Structure formats: structure tokens, C-alpha cells
Amino acid sequence: YLPAGTVDYKVGGIVYEAESGNSYYNLRCGKRVYINKKNSPDTQRVTVSKLYAGKLPEHNTISLASSKIDGKHSVLTFDTAWRAPFAVEIGPQNYTNPSKQDYSISSVTYSYVDIKFFYTQTIGGDFNLQKHPLFSSAQIIPANDGYTLRLHLKAVGEFYGWNAQYNANGQLEFKFLNAPKVREKNNLSGIKIVIDAGHGGRDCGAPGLRPNTNPEAERNLTLAFKLKSQLESYGATVVMTGTSNVEMSSDARCEFLRQQAPDLCISIHHDSSTRASANGAGFFCFNAFSNKAVKYVYDRTVAGRFYSRTQKSWHYFYLARVTSCPVVLTENGFISNQQDFNGIINDSVNNQKAQAITLGVLDYFNTFYKNVANDDDNSYNDDNSSNDSTSSEQPPVDEPTQPPVEDPNQPPESTPSEPP
């Protein structure tokens with residue numbers, strides 16, 4: 001996604017997407033942005049981007065202003081000439097079948113994070129990452145339409161999420177989630193987890209096997225509360241997107257997750273089908289860095305033998321696309337299948353399901369266990385005094401002097417970019 005305030009030229013006219021009913025513009029940088037879109041369960045479409053007349057600079061300049069540790073995050077703050085688009089990608093990562101939109105992974109292979117700054121002619125500043133908790137070095141790579149800042153990870157697969165926004169000073173801030181500090185196995189003290197109970201209010205989700213009884217939203221909430229209690233018993237700080245059967249839009253859930261900035265998010269759902277024979281549980285991720293957490297929860301659920309069929313896969317579920325932390329989206333049985341439904345409404349079985357998810361969460365965080373008694377959360381704060389860890393392949397160029405031109409009557413609000 002792109003933070004609010006990002007601007008770019010559109011290419012061509014309005015493109016209509018029949019499957020979703022959404023309309024979007026193609027941007028010059030190669031991304032696309034919805035003009036308006038659904039925000040379930042709202043019936044009215046919400047405006048995502050504005051079209052206005054104006055002229056942008058031909059080129060951008062990026063300079064690292066500061067690098068510091070802020071709580072659980074590593075923060076890189078950049079000065080920019082204007083709010084041009086960028087793209088973040090982790091790599092190299094092998095996926096099952098990208099040509100058919102199957103981004104499932106069997107093993108983690110990524111070792112760097114690329115931030116591609118479109119239209120950029122220089123990336124300045126001193127990148128001293130020798131004591132950085134996530135990155136070992138930085139590399140600046142030229143491209144035809146900009147520059148890429150490649151941040152090499154200290155170890156393969158050790159990346160846990162990111163978020164970007166423009167701060168009050170107009171600077172572009174990237175917040176990268178650091179590895180959680182686990183001082184004792186099976187102890188979640190200091191770990192923050194968001195639990196999302198899907199649906200709610202007029203959006204009841206699947207109606208349940210018996211009409212108007214045990215709708216999905218109620219069953220999601222029941223299992224979510226059981227999971228919350230068990231996670232808290234191990235010391236976790238647990239925050240829920242909602243604690244009662246009330247409506248909450250998809251965008252509101254995503255924004256809640258970004259604002260909470262947890263170490264992990266678990267979304268609770270139940271599946272449904274027009275085929276009564278469809279059954280089993282599913283565990284899904286969208287971002288590759290969520291795969292590890294999903295696998296541990298999946299493995300523990302399989303071991304519990306609650307379902308005749310259990311799958312682990314990639315999917316573009318809306319909340320799972322949030323990049324600020326690993327997200328585990330769970331489908332805990334088919335509410336439309338008699339055998340699954342019997343377990344879904346059984347209090348004892350729900351306790352066991354919550355326990356299995358909890359054990360998977362413990363397994364995940366146990367992988368971060370080490371002796372951190374002498375760690376200093378603020379041991380890395382770079383004042384940009386050296387450049388020992390940066391390789392650069394760019395020639396110096398002059399900064400553009402022309403500021404972006406905006407229509408004062410219609411300032412841009414945002415141009416978030418989402419996968420289809």
C-alpha cells in the first residue's frame with residue numbers, strides 16, 4: 001500500500017474490475033489505485049483517491065534523515081523532495097505458482113528488503129547498520145525509473161513486518177517490526193497480540209446450519225474470547241478489534257491493527273459453503289513473513305484432530321494483507337457442515353481449539369528465545385556519522401527545484417495500492 005498523500009500521474013482512463021465492482025486508475029509508476037471501493041459491510045462505496053490537475057517534478061531526491069529504535073520498531077526517516085510512490089518487496093522468495101496467483105511458500109528464502117523509490121535520482125545519507133537489530137548492510141541500486149534501497153537482513157527469513165507514513169514534518173517514515181524479545185520459553189510477557197473476531201452486527205457472516213441461530217459472528221467471538229483468555233494466561237497482552245457483536249468495517253479493522261502495532265495478529269473466522277459436504281479448517285497468510293506463524297498454528301491444530309481435513313495456504317483475505325506484523329487468518333471449520341458445526345457449538349471443543357492455537361503461538365515465539373537480560377532496546381541509534389555499511393552505484397545529480405503543483409481546491413488525500 002501507499003500512505004496518504006502519495007501522488008502520481010494516472011495513465012489512461014478509468015478501468016472497471018467486474019469481479020469486485022471496483023474502478024481504478026493505472027499509475028505511471030506501474031501500480032494501480034482504486035478510485036472507490038467497497039468497505040464491507042458498508043453498502044456505500046468509499047473514495048480512495050482523487051484526480052486533480054497539476055504538474056509534478058520529473059525527479060525526486062531521497063535522503064536518510066535519521067535511523068533509530070523506537071520501542072519494538074526500527075525507524076528509518078527520509079527527507080523527500082515530493083511524495084512520490086514507492087514499492088516494498090522482500091526477496092529473493094520462491095512461490096508455488098505466481099502465474100496462477102498462488103503465492104504459497106514451502107520454505108522461506110528471502111534475505112533482503114527492497115524499497116524502490118520511483119522517479120528518484122539520488123538516495124543520500126549515511127547508512128550505518130553495523131549494530132542494527134534487523135539489517136546488516138544497505139545497498140543502493142540504480143534502475144530505469146528510480147533507485148532501489150536494498151536492506152540486507154542479518155539472517156534469512158528474519159523479517160517481521162513494516163509500515164510507512166508521512167510524519168508531521170512531512171518526512172517519510174518506515175517502521176520495521178523488530179524480532180520479539182522472549183526471555184523465557186512458554187512465557188509471552190512483553191508480547192502484544194491482536195485478536196480479530198471476524199464480522200459482527202448486521203454483518204453476521206455465515207448464517208449457521210440452523211437458520212438464524214449460531215451465526216458465524218457469534219461463534220467467532222466465542223472462540224476469540226477463549227483464545228484471549230488462554231494467551232493471557234501465558235502473560236501476553238491481548239487486544240481485540242471488538243469485544244461484542246457489533247459492526248466494524250474492513251478498513252477500520254486494518255487501521256486498528258496498524259495503530260496497535262502488535263507482534264502478531266490472529267483473525268478468527270468460520271467457513272461456509274453451499275455444498276454440505278465441504279468441511280475442515282484453513283490457515284492462511286498473505287505476506288511471506290506471516291508463513292512461519294501460520295505453520296506453527298496449523299501444525300498444532302492438525303495434531304488436535306478436530307477436523308477431517310486441514311489446509312495451510314496463501315490467500316488475499318483483506319486483513320491478512322496488512323504488512324505491519326505477521327497475520328494468521330484462521331477458518332475454524334465449516335458452519336454449513338453438520339460434523340464441523342457440532343464442534344463449532346461445543347464449548348469443550350472450542351476450548352481445545354483455542355488451546356491448539358495458543359500452543360502454536362507459543363511455538364512461534366519460542367523460536368525467538370534467547371538470553372536478552374543485558375539487551376538495551378536503545379542500543380542502536382544512528383546519528384548518520386559513518387557510511388561503512390552502504391554500497392552505492394549512483395552518480396550525484398542536482399536536486400529538482402520545482403515543487404509539486406497541487407490544486408488548492410482539491411488536495412490529494414491518499415493513493416493506497418492494493419493487490420487485486
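This passage walks through a few local features of a predicted model, from one threonine to a strand pair, the cysteines and an enclosed space.

A good place to start is T330, which sits in strand β19, a stretch covering residues 327-334. This threonine is buried, because its relative accessible area is 0% and the cut-off for buried is under 20%. The surroundings of T330 come from distant parts of the sequence as well. I266 lies 64 residues away along the chain, yet the C-alpha atoms of T330 and I266 are separated by 7.3 Å. Leaving aside residues up to four places away in sequence, the residues that T330 touches are I266, S267, I268, H269, G282 and F283. Within its own strand, T330 also has a polar partner: its side chain and that of N332 are joined by a polar contact of 2.9 Å.

Strand β19 appears again at the cavity. The structure holds 1 cavity of 30 Å³ or more, and the volume of the largest cavity is about 30 Å³. Its lining is made up of D271, G280, A281, G282, R309, Q311, E331 and F334. Two elements, β17 (281-285) and β19, each give two or more residues to this lining. G282 therefore plays a part in both pictures, since this glycine is among the residues touched by T330 and also lines the cavity.Turning to another strand, β15 spans residues 237-240 and has two faces. V238 and M240 form the covered face, while T237 and V239 form the uncovered one. Strand β15 runs parallel to β14 (residues 192-197), and 4 bridges join the two. One residue links these descriptions: M240, on the covered face of β15, is the bridge partner of I195.

The cysteines complete the survey. How many disulfides does the model contain? The count comes to 0. C325 shows how such a result can arise. The closest cysteine sulfur to that of C325 belongs to C265, and the two are not counted as a disulfide because they are 5.6 Å apart, whereas the cut-off is within 2.5 Å. Is C325 buried or exposed? C325 is buried, because its relative accessible area of 0% falls under the 20% limit. C285 also counts as buried, because its relative accessibility of 7% is under that 20% limit.

Definitions and conventions:
Residues numbered from 1 in each chain as written. Predicted model: local features only at pLDDT ≥ 70, side-chain atom pairs only at ≥ 80, totals over all residues. Heavy atoms only, no water. Buried < 20%, exposed > 50% of the residue type's maximum accessible area, 1.4 Å probe, protein only. Contact = heavy atoms within 4.5 Å. Polar contact = N/O pair within 3.5 Å; in protein donor to acceptor, adjacent residues only side chain to side chain. Pairing = 2+ DSSP bridges. 1 Å grid on protein atoms, 1.4 Å probe; cavity = no way out; pocket = protein on both sides within 12 Å on 5 of 7 lines; lining within 4 Å. Points joined across faces, edges and corners; volume = space filled by probe spheres on them.
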